[in-house]
Number of protein chains: 4
Amino acid sequence: MINVSIMGATGYAGVELVRLLLTHPQVKLSHLSSVSFEGKPISEIYPALHGICDELLTGEEGLYEDTDVLFTSLPAGLSEPVAKKCAEKGILLIDLGADFRLTDPASYEKWYGRAYSEPALHEKAAYCIPELHGQRLKTAKIIGNPGCYPTSIALAIAPALTGGLIKAQGIVIDSKSGVTGAGRGLTQTSHFPDCNEAFSPYKVASHRHTPEIEQTLSELAGSSLTVTFVPHLLPLNRGILSTLYTELTAPQQLPELVEKWKAFYADKPFVRVLAAGETANLRNVKYSNYCDISLHLDARAGRLILVSAIDNMVKGAAGQAIQNMNIAMGLPETEGLMMVPPAF
Amino acid sequence: MINVSIMGATGYAGVELVRLLLTHPQVKLSHLSSVSFEGKPISEIYPALHGICDELLTGEEGLYEDTDVLFTSLPAGLSEPVAKKCAEKGILLIDLGADFRLTDPASYEKWYGRAYSEPALHEKAAYCIPELHGQRLKTAKIIGNPGCYPTSIALAIAPALTGGLIKAQGIVIDSKSGVTGAGRGLTQTSHFPDCNEAFSPYKVASHRHTPEIEQTLSELAGSSLTVTFVPHLLPLNRGILSTLYTELTAPQQLPELVEKWKAFYADKPFVRVLAAGETANLRNVKYSNYCDISLHLDARAGRLILVSAIDNMVKGAAGQAIQNMNIAMGLPETEGLMMVPPAF
Amino acid sequence: MINVSIMGATGYAGVELVRLLLTHPQVKLSHLSSVSFEGKPISEIYPALHGICDELLTGEEGLYEDTDVLFTSLPAGLSEPVAKKCAEKGILLIDLGADFRLTDPASYEKWYGRAYSEPALHEKAAYCIPELHGQRLKTAKIIGNPGCYPTSIALAIAPALTGGLIKAQGIVIDSKSGVTGAGRGLTQTSHFPDCNEAFSPYKVASHRHTPEIEQTLSELAGSSLTVTFVPHLLPLNRGILSTLYTELTAPQQLPELVEKWKAFYADKPFVRVLAAGETANLRNVKYSNYCDISLHLDARAGRLILVSAIDNMVKGAAGQAIQNMNIAMGLPETEGLMMVPPAF
Amino acid sequence: MINVSIMGATGYAGVELVRLLLTHPQVKLSHLSSVSFEGKPISEIYPALHGICDELLTGEEGLYEDTDVLFTSLPAGLSEPVAKKCAEKGILLIDLGADFRLTDPASYEKWYGRAYSEPALHEKAAYCIPELHGQRLKTAKIIGNPGCYPTSIALAIAPALTGGLIKAQGIVIDSKSGVTGAGRGLTQTSHFPDCNEAFSPYKVASHRHTPEIEQTLSELAGSSLTVTFVPHLLPLNRGILSTLYTELTAPQQLPELVEKWKAFYADKPFVRVLAAGETANLRNVKYSNYCDISLHLDARAGRLILVSAIDNMVKGAAGQAIQNMNIAMGLPETEGLMMVPPAF
């Protein structure tokens, strides 16, 4: 059994980690830490866990004992000092925040308003979408778990970029996220009468996930590229659907493209490439670790349109973090993650 | 491994059975039958199952071979002939419909407009909410799986009636159900613009679950009683919350009552009696087999108010059917059913 | 033209008053006051008003000038001092808060935790549901505008109590409200992921509207009565639906009862008594000042079940306040209030 | 008073026309026609109208008498024969369907699968978004009322195309519509459990509104252009939000662009151009005839991003049709249409 602790256990990603790890056959939950609710049982904050996990929330003290793997889900800047301690103690750190996602320190400073406090640590860190960067997990001691939007985008477009099927420049990404993406904190934006029966983009062409998206897509394309990325807020709890508009470098037939995507993800259990004519829908991936991808041609405009759907809290956060842990710890990639998405 | 088949696999209860049984460690899915979609893969009807269960839907032919347990989820009247065949072949039948719920043939005829076609069969049948009638599963060959409303109501009130704490007459039950309770069939009532941002009771004091509720509550009370039952339609997918208004026979203190409910369900893993001051909420039981119950005193009116919350598709249908199967087949009651309800 | 000012204009009831008064043909909006947003245009807080009403929000200073009618929508205790000033200046005050609803000072103190600071003022005040207490508006200088729950309840049950058709004791009221009822302030309860796809009662048998309900129903019955009142939170924006369970004093036929209700409200333009067999639904009253009432018999239990539906922000707050103003100022009752509820 | 009749009065656009026309000060509703519900009162189909409009639904007979203006909201192909009769009788026809939107007969045949049956009639017809084509209303006898998606798109982009600010080719339009856009007919797509907590594009790059969009945008640009258009289905009742991705022909500053849009719509009462930094949101236009437009620069990619929000049933259908009628009949453009959008 692997001893796992969580720092930031009462945030939305944190409690989703708790939920999924409670049924992971190889994991024992060691410490659940929360600065906001120290001393209280987690089931008091989330009554869904009542009688299932009534563990008391702790502070940082003692957190590193009986811990093989530590998940952090913290605001930007708070994970670096924790990572330093983990490195000293030989604990695998999987950070669901933003501190270990960007390889370019200047980019981090530009988008997050602070410089890395522990630049040397970042050499031991690896940003990892397991379907694309799984090999990095063999040596990494610190794993930068990807953001929800970048995951949905990179998985959809990877075969196109690595295959040179589309132009690297001019990509437009229109993404839509459920309200849990905004987290547990109370804001006007997530006040029910404000977002129910409402819909709007936000942070148009200025969202912090932009550099992460461009980093991954540039790597895949083999050259530096810039994207236009606009996220929107959906009046539902869970899920991210991204619609990607790309320009084909040469005319293509849809069935052949679908086959290429299927081949690309042939041995990847959590990516489902839909048949030509089908369309990805948030409904079909909820509460699961799947990423559904559908392909569509706009022959009149010479475009390939890609649609991907994930559960932002599972494949977009906690599920993918566990998938990363599984691979890094030598477990089957799917261990504890084979949830069947409900039909409704 | 137990070979399990499902008749009516593309109805909402049917596909929920499929979803839950796919991860049941002791079950092998044998046949999935659907008159509406025979010959198609079930994942074409429910794309959430894509790549997970692409089994072809069958007709009745061959259904009874390689089948130890058959679940039926069919309109009233269609399960009786199936039950007859199961009885002949030694197959355990668990019927999620209404054909084996009412012990009084006259009551069935009154509320469903037809008489039992196989009256003798009903002697081998047992209606079973496992927390209340688990012992019946030792001998039953046909199990009448309870309705969603009756489950939420009986579990909340059982300790009150068996303990003589409340008057048996005059009970008022105000229940609220999500739209999946109306099933997969298209109706004006379940048309999105008709039920979104809407709320209304339906079948006021005339719902078919009324005789089933009264049968169970009368047994618990030891005398025949009549209830007032009004269901309402909630603009959400899953869940039933019932608010029960009862009159105390003598003054009570809330903490003592909570203790009585906790004692009553001490060894029942799926009933969670909440602490005094807490309130049951649909949010906390979604996608799980739990029934949450909270107790409230209205001292000014001498009333005990009981609130229960279940997922109508799990504890109210497919989950409870599997729980019944587990007990009947000698498996641990919780096998395949320990889903942790998500916090959101 | 009547000069109207609003104190608390950025609360939900306040901004709904603004919306409705903007199209009232006899009203000129004079001052909009808000302690939270003084100096800002109201359209910055509520962009729906952009270009329609960009009036700057003010403090209390100058509020009483150019004001014939003042609406207050303030927390308990804050309206009394304002009412004193209005009385001195001859301004009609219509208070949407709780300060002028309860005639019994002891009841106010018990449920709101403070005593009246201006007891003499209350002799000039009248609590007024216009369909039931319209005559009080002829002399009142201070109008206590009713709460949303009490309005939905009193209108449904008034013909039964005044007609002696039901027992005054033992009434059970199960009400359900949309989230706007909780107001603009951010709370965990109104955080989207907490209330979307969720449902629960709250303040079971302890809601502050209980004494107001009992005051009105006791007056109608001609004797002091106690009710059991349980409110629930619906995952939708607008509306209150109340289901009332009463005991008939003698057997009745439904068509005759419906006729009695229709006769009772014959000259009341905003009450719609539905035909026997129809059921009140929140959908049909949204964004309007109507109260729909349906009647249902539970002959088996000797009960009359009443269902009423209103828009909590219109008939339950701002619309009813304007209706009170219209009558008090000698205008047609319906002036500015004939909004047709949308079909969806 | 203008005598107005409606053909297709029980479709969603039809009943929305009824709702809006009931409070139009210059209109008398003459005939409401519905093939599906002939002989029934419209309030039986839409109980929201109970007591407000209980008019009996008629067939076509008598429809053209006492009718100055006829609105048709019918499936493709059914409006042409009606238009012929109107032309003979001197009745102004406003068609909310697709029969009079496309000026190119070949385009109509390609996208709708049938040829015009009355080609000569189309010379008397004018497609009209009133803010862009108002002058056409002076002579037109048949008005092709625009589709919901094209309205939201053309209004957002018109100043850019007429001003030569953006490249005419390569425009990407990502639109999102509420479920009422699918109409009253029951479909799996609009079944509550299928679309609640779900989100997906549909008819990707193949929606029938595409030629209408290209017709209008080509006219504005002065040259034939092709767009990429992808509609999505939102889990809410009302509204269309379109996000348009365009390429600037030269660098621009956002404040100057906003001023250009404001100038373009200076005398257009229903278009609200938001200030730089604000973002259009469906919430702010619901139940109103407004179109909100916000502008956003993606300087890194040289793009201008436009966002527009309308109520699909009002500005996208019935409201715009009445606006067209007002202008054509010489009434003030805003008559009967100054609904203030509610804040929630």
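1. In chain C, helix α6 (residues 148–162) and helix α8 (residues 210–221) have axes that come within 9 Å and cross at roughly 20°. Helices here are DSSP runs of H or I with at least four residues, numbered from the N terminus. Axes are lines fitted to C-alpha atoms over the stretch in contact, and angles run from 0 to 180 degrees between N-to-C directions. α6(C) and α8(C) are therefore roughly parallel to each other, a term for angles under 35 degrees. Their crossing is right-handed, that is, the near helix is turned clockwise from the far one by less than a right angle.

2. The model is predicted, with pLDDT of at least 70 needed for local features and 80 or more for side-chain atom pairs, while totals for chains, interfaces and linings use all residues. Residues are numbered from 1 along each chain as its sequence is written, chains are lettered from A and ligands numbered from 1 in the order in which they are written, and side-chain values use heavy atoms, leaving out hydrogens and water.

3. Which residues of α6(C) and α8(C) make the contact? From α6(C) they are C:Pro150, C:Ile153, C:Ala154, C:Ile157, C:Ala158, C:Leu161 and C:Thr162, and from α8(C) C:Glu212, C:Ile213, C:Thr216, C:Leu217, C:Leu220 and C:Ala221. Contact means heavy atoms within 4.5 Å. By class, 10 of these residues are nonpolar, two polar and one charged. Ala, Val, Leu, Ile, Met, Phe, Trp, Tyr, Cys and Pro count as nonpolar, Asp, Glu, Lys and Arg as charged, and the others, Gly among them, as polar.

4. A second helix pair lies in chain D, where α1 (residues 12–21) packs on α10 (residues 314–328) at about 50°, with the axes 9 Å apart. α1(D) and α10(D) are therefore oblique to each other; oblique covers angles that are not under 35, over 145 or from 65 to 115 degrees. The crossing of α1(D) and α10(D) is right-handed. Residues in this contact include D:Leu17 and D:Leu20 of α1(D) and D:Ala318 and D:Ile322 of α10(D). The contact of α1(D) with α10(D) has nine nonpolar, one polar and two charged residues.

5. Between chains, 45 residues of chain A are in contact with 45 residues of chain D. The two bury about 3600 Å², 57% of it on carbon and sulfur atoms. Buried area is the accessible area (1.4 Å probe) lost by two parts on being put together, summed over both. On the chain A side, A:Glu197, A:Phe199 and A:Arg300 lose the most area to chain D, together 20% of what that side buries.

6. A turn of 180° and a shift of 0.0 Å along the axis lay chain A on chain D with an RMSD of 0.0 Å. The two copies are thus related as by a two-fold rotation axis. The superposition is by least squares on C-alpha atoms of residues with pLDDT of at least 70 in both copies.

7. Chain C and chain B contribute 45 residues each to their contact. The area buried between chain C and chain B is about 3600 Å², with 57% from carbon and sulfur atoms.

Definitions and conventions:
Helix = DSSP H or I, 4+ residues; strand = E, 2+ residues; numbered from the N terminus.
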